[in-house]
Every structure is written in C-alpha cells, then in structure tokens.
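Subject: Structure handover

Hi,

Here is the structure I promised to pass on to you. Please open it alongside this email, and have a look at the charged side chains as you read.

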Amino acid sequence: MNFLKGSDPAEQRTGDLRLAVAVLLVEAAHRDEQFGPEERAVIERLLTEKFALSKDECDQLISSGEATTARMVQLHPYTHAVFEQMDPEERIQLIEMLWEVAYADGVLDPEEDALIRKIGGLIYITDRDRMLARKRVLERMGRQN
C-alpha cells in the first residue's frame, strides 16, 4: 500500500515512532490529571533533542500526541512501535524521558509511577533498568528521591 501511495516506509516508521514517543510522554504528563507548563516544557525539550525538531514541528507533534491520547484506548500500539523501532538502549532512554516528565512538576504521582512501570514492561525494560533510569534522572535534577 505504501508503494502505491508513493510514501517511503522508512519515513512512515520514523513518523510513527515520533508520534508513539510523543503519545507516551503526553500520557505520562496527563496521568496525574494536570498537564502543566513545566511538563510541557520538558516534553518539548525531550522531543526536540530526540528527533531534532524545529519549534513548529515539535508543537505539531505534541498537538498530535495530545489528540491521540484523548481518544486512546490502549498503550499497546505505541509501546509496540517503540519496541519494534528502538534498540534496548534507546528504550531505556525513553524510560528516562518518562521519568523526566513525571518529575517535571516536582512531585511523582503514584499513577505516573505505575504508568512508567507498565510501559517499561511493555517495551521489555527490566525493573532494575527502570529504577536505574529513575536514579540517573534524579541525580541530573539534583534530587535524592
């Protein structure tokens, strides 16, 4: 079908990965029922750095992520895209990104913690690697816990 549409499958996979990562980050931000400016700023920085996006591209991706999250029923399509397109090290980096979003407002909500644990399992990241990722993020932030 991609051949008939003239689209490049590699470009489509990259776009799907970008959206998948944005959806997971936005979902983490919304998990505590508050999507504040601190969380949005962290998501913008993470997406821009990860995918080398312009400000407009990043804003559009976040908007798409928010729209997708609003109608999302399950995480599986997005975690599956991440698992299929990222190597283990990149998936651990995604877990770090999720921790950064969760801690952006200064408080880790139990729902955020549960979501990161769930996503970690769905993308085959061990509990040990998930917690080491959390520790690295807290150290970068200058926090103990």
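Below is what I found in it, starting with confidence and then moving to the salt bridges.

First, please keep in mind that this is a predicted model. The pLDDT of the protein chain averages 89, and 89% of the residues score at least 70. The stretch to be careful with is residues 1–14, where the pLDDT is below 50. Beyond near neighbours in sequence, residues 1–14 have 6 contacts in the model. Where pLDDT is low, the predicted coordinates should not be read in detail.

Now to the charged residues. The count of salt bridges comes to 11. Which residues are linked in a network of salt bridges? They are Arg45, Glu49, Glu96, Glu100, Arg136 and Arg140.

Let me start with Glu100, which sits in helix 6 (residues 88–103). Is Glu100 buried or exposed? Its relative accessibility is 14%, and the cut-off for buried is under 20%, so Glu100 counts as buried. The side chain of Glu100 makes a polar contact with the side chain of Arg45, at 2.4 Å. If you set aside neighbours within four places in sequence, the residues in contact with Glu100 are Val42, Arg45, Leu46, Val137 and Arg140. One more distance for Glu100: its C-alpha atom is separated by 9.8 Å from that of Ala29, with the two positions 71 residues apart along the chain.

Arg45 also forms a salt bridge with Glu49, and here the closest N and O atoms are 3.7 Å apart. Both Arg45 and Glu49 belong to helix 3 (residues 37–51), where they are 4 residues apart, about one turn of the helix. An α-helix has 3.6 residues a turn, so residues three or four places apart point the same way. Arg45 is partly exposed, with a relative accessible area of 35%, whereas Glu49 counts as exposed at 56%.

Two further salt bridges link distant parts of the chain, and you may like to view them one after the other.

- Glu90 and Lys50: the closest N and O atoms of this salt bridge are 3.9 Å apart. Glu90 is in helix 6 and Lys50 in helix 3, 40 residues apart. Both are partly exposed, Glu90 with a relative accessible area of 26% and Lys50 with 27%.
- Glu96 and Arg140: their side chains meet in a salt bridge at 3.0 Å, N to O. Glu96 is in helix 6 and Arg140 in helix 8 (residues 127–141), 44 residues apart. Glu96 counts as buried, at 11% relative accessibility.

Finally, a word on helix 5 (residues 76–85). Which of its residues are buried? The buried ones are Tyr78, Thr79, Ala81 and Val82. Why are they on the same side of helix 5? Because they cover an arc of only 155° around the axis.

Happy to talk any of this through whenever it suits you.

Best wishes

Technical notes
Residues are numbered from 1 along each chain as its sequence is written. This is a predicted model: local features need pLDDT of at least 70, side-chain atom pairs count only at pLDDT 80 or more; totals for chains, interfaces and linings use all residues. Side-chain values use heavy atoms; hydrogens and water are left out. Helices (H or I, at least four residues) and strands (E, at least two) are DSSP runs, numbered from the N terminus. Buried means under 20% relative accessible area, exposed over 50%, partly exposed in between (1.4 Å probe, protein chains only). A polar contact is a pair of N or O atoms within 3.5 Å; within protein, one must be able to donate a hydrogen and the other to accept it, and residues adjacent in sequence count only if both atoms are side-chain atoms. Contact means heavy atoms within 4.5 Å. pLDDT is the predictor's confidence in each residue, from 0 to 100. The arc is that of the directions from the helix axis to the C-beta atoms. A salt bridge is a side-chain nitrogen of Lys or Arg within 4 Å of a carboxyl oxygen of Asp or Glu.
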